[in-house]
Amino acid sequence: MSQDLISKTITFVKDKLQSAEGGHDWFHIERVYKNALLIAKEEECDLTIVKLSALLHDIADSKFHDGDEAIGPKTARLFLESENVDESIIVHVLNIIENISFKGGKVEQKFSSKELDIVQDADRLDAIGAIGIARAFNYGGFKNRGMYDPQIAPNMNMSKEEYKNSQAPTINHFYEKLLLLKDKMNTTSGKKIAEERHRYMEGFLSQFYAEWEGEK
């Protein structure tokens with residue numbers, strides 16, 4: 001029954017996100033799902049909850065729904081209820097969806113579980129490294145933001161609302177979020193993978209600035 005539910009969830013998510021922005025589409029979900037399974041191998045956890053949460057965590061990202069943070073959990077609940085999933089599982093999955101996001105790093109989590117730790121790490125890993133760089137510039141282009149402006153410094157003290165509404169160049173996002181994620185990982189496996197991806201981003205930034213200044 002569990003595998004049948006996972007298969008139905010995959011079909012549901014693929015259909016729901018078929019026209020999504022490239023950094024938040026089915027392939028993002030698939031990568032997070034794979035990351036979560038990899039991390040879960042080293043952790044004591046409920047694998048069904050990990051799988052469902054990884055698959056449903058971005059089913060309706062508030063960024064693409066006028067900032068409505070309720071639409072994701074609501075969409076996930078309706079689907080899980082339609083599949084007669086136990087209420088205790090639904091509640092756990094929704095708590096993960098509601099607490100997974102970075103949101104500028106200023107919002108305190110109101111829920112904790114090993115399953116949240118795993119899925120949150122899996123999601124954060126997809127925001128860093130080579131994929132993270134590609135996603136950052138893809139979203140920046142989607143929002144018509146500049147790549148870099150030496151006159152606009154990163155804002156390291158944004159409120160949640162300022163973070164959500166920022167129109168800063170994409171390079172600023174590295175300092176305001178991406179480079180901070182390494183030290184926010186929850187699991188041993190997540191931390192190890194993040195270290196390598198973090199170094200890759202540092203190398204990219206070094207090369208970017210050298211090319212920008214015509215030094216290389």
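How are helix 2 and helix 6 oriented to each other, and what is the word for it? Because the angle between them is about 130°, helix 2 and helix 6 are oblique to each other. Keep in mind throughout this tour that the model is a predicted one.

**First stop: helix 2 and helix 6**

Select helix 2 (residues 26-40) together with helix 6 (residues 114-125), and look along the place where the two pack, with their axes 8 Å apart. The crossing that you see there between helix 2 and helix 6 is right-handed. To show the contact itself, display H28, V32, N35, A36, I39 and A40 on helix 2, and then I118, V119, D121, A122, D123 and L125 on helix 6. If you colour these residues by kind, the contact of helix 2 with helix 6 divides into eight nonpolar, two polar and two charged residues.

**Second stop: E115 and D126**

Stay with helix 6 and select E115, which lies in that helix and which, at 9% relative accessibility, counts as buried. Not counting residues up to four places away in sequence, E115 touches C45, D46, I49, V50, H92 and I96. For a sense of distance, add N99, which is 16 residues from E115 along the chain, and whose C-alpha atom is separated from that of E115 by 12 Å.

Next select D126, in the loop between helix 6 and helix 7 (129-142). With a relative accessibility of 1%, D126 also counts as buried. Its contacts, leaving aside neighbours within four places in sequence, are H28, R31, V32, N35, I131, G132, R135 and R197.

**Third stop: helix 3 and helix 1**

Now move to helix 3 (residues 47-56) and bring in helix 1 (residues 2-16), since the axes of these two come within 10 Å and cross at roughly 5°. That angle makes helix 1 roughly parallel to helix 3. On helix 1 the contact is made by S2, Q3, L5, I6, T9, I10, F12 and V13, and on helix 3 by T48, K51, L52, L55 and L56. The residues of this contact between helix 1 and helix 3 divide into eight nonpolar, four polar and one charged.

How many of the 10 residues of helix 3 are buried? Eight of them are, and helix 3 is accordingly described as mostly covered. You can select the buried residues as I49, V50, K51, L52, S53, A54, L55 and L56. What covers them includes helix 1, helix 2, helix 4 (71-82), helix 5 (87-99) and helix 6, and showing these helices around helix 3 lets you see the cover from several sides.

Before leaving, select L47, which is found in helix 3 and which, at 38% relative accessibility, counts as partly exposed. L47 touches L37 and A40, when residues up to four places away in sequence are not counted. The C-alpha atoms of L47 and Y175, which are 128 residues apart along the chain, are separated by 33 Å.

**Fourth stop: the nonpolar core**

Select V13, L56, L80 and F174, which touch the most other members among the 50 residues of the largest nonpolar core. The largest share of this core, seven residues, comes from helix 2. Centre the view on F174 and display I133, A136, F137, L179, M201, F204 and L205, with which F174 is in contact when its neighbours within four places in sequence are left aside.

**Fifth stop: three residues in loops**

Find K184 in the loop between helix 9 (170-176) and helix 10 (188-212); at 33% relative accessibility, K184 counts as partly exposed. K184 touches F102, D121 and R124, again not counting residues up to four places away in sequence. K184 and D121 are 63 residues apart in sequence, and in space they are 8.5 Å apart, C-alpha to C-alpha.

Then go to N84, in the loop between helix 4 and helix 5, where the backbone has a positive phi of about 55° although the residue is not a glycine. N84 is exposed, with a relative accessible area of 69%.

End at N144, in the loop between helix 7 and helix 8 (160-165). Its phi is near 60°, a positive value in a residue other than glycine, and N144 is exposed, with a relative accessible area of 72%.

Methods: Residues are numbered from 1 along each chain as its sequence is written. This is a predicted model: local features need pLDDT of at least 70, side-chain atom pairs count only at pLDDT 80 or more; totals for chains, interfaces and linings use all residues. Side-chain values use heavy atoms; hydrogens and water are left out. A nonpolar core is a set of buried Ala, Val, Leu, Ile, Met, Phe, Trp, Tyr and Cys residues joined through side-chain atoms within 4.5 Å. Buried means under 20% relative accessible area, exposed over 50%, partly exposed in between (1.4 Å probe, protein chains only). Helices (H or I, at least four residues) and strands (E, at least two) are DSSP runs, numbered from the N terminus. Contact means heavy atoms within 4.5 Å. Axes are lines fitted to C-alpha atoms, for helices over the stretch in contact, and angles run from 0 to 180 degrees between N-to-C directions. Angles under 35 degrees count as roughly parallel, over 145 as roughly antiparallel, 65 to 115 as roughly perpendicular and the rest as oblique. Ala, Val, Leu, Ile, Met, Phe, Trp, Tyr, Cys and Pro count as nonpolar, Asp, Glu, Lys and Arg as charged, and the others, Gly among them, as polar. A crossing is left-handed if the near helix is turned anticlockwise from the far one by less than a right angle, and right-handed if clockwise.
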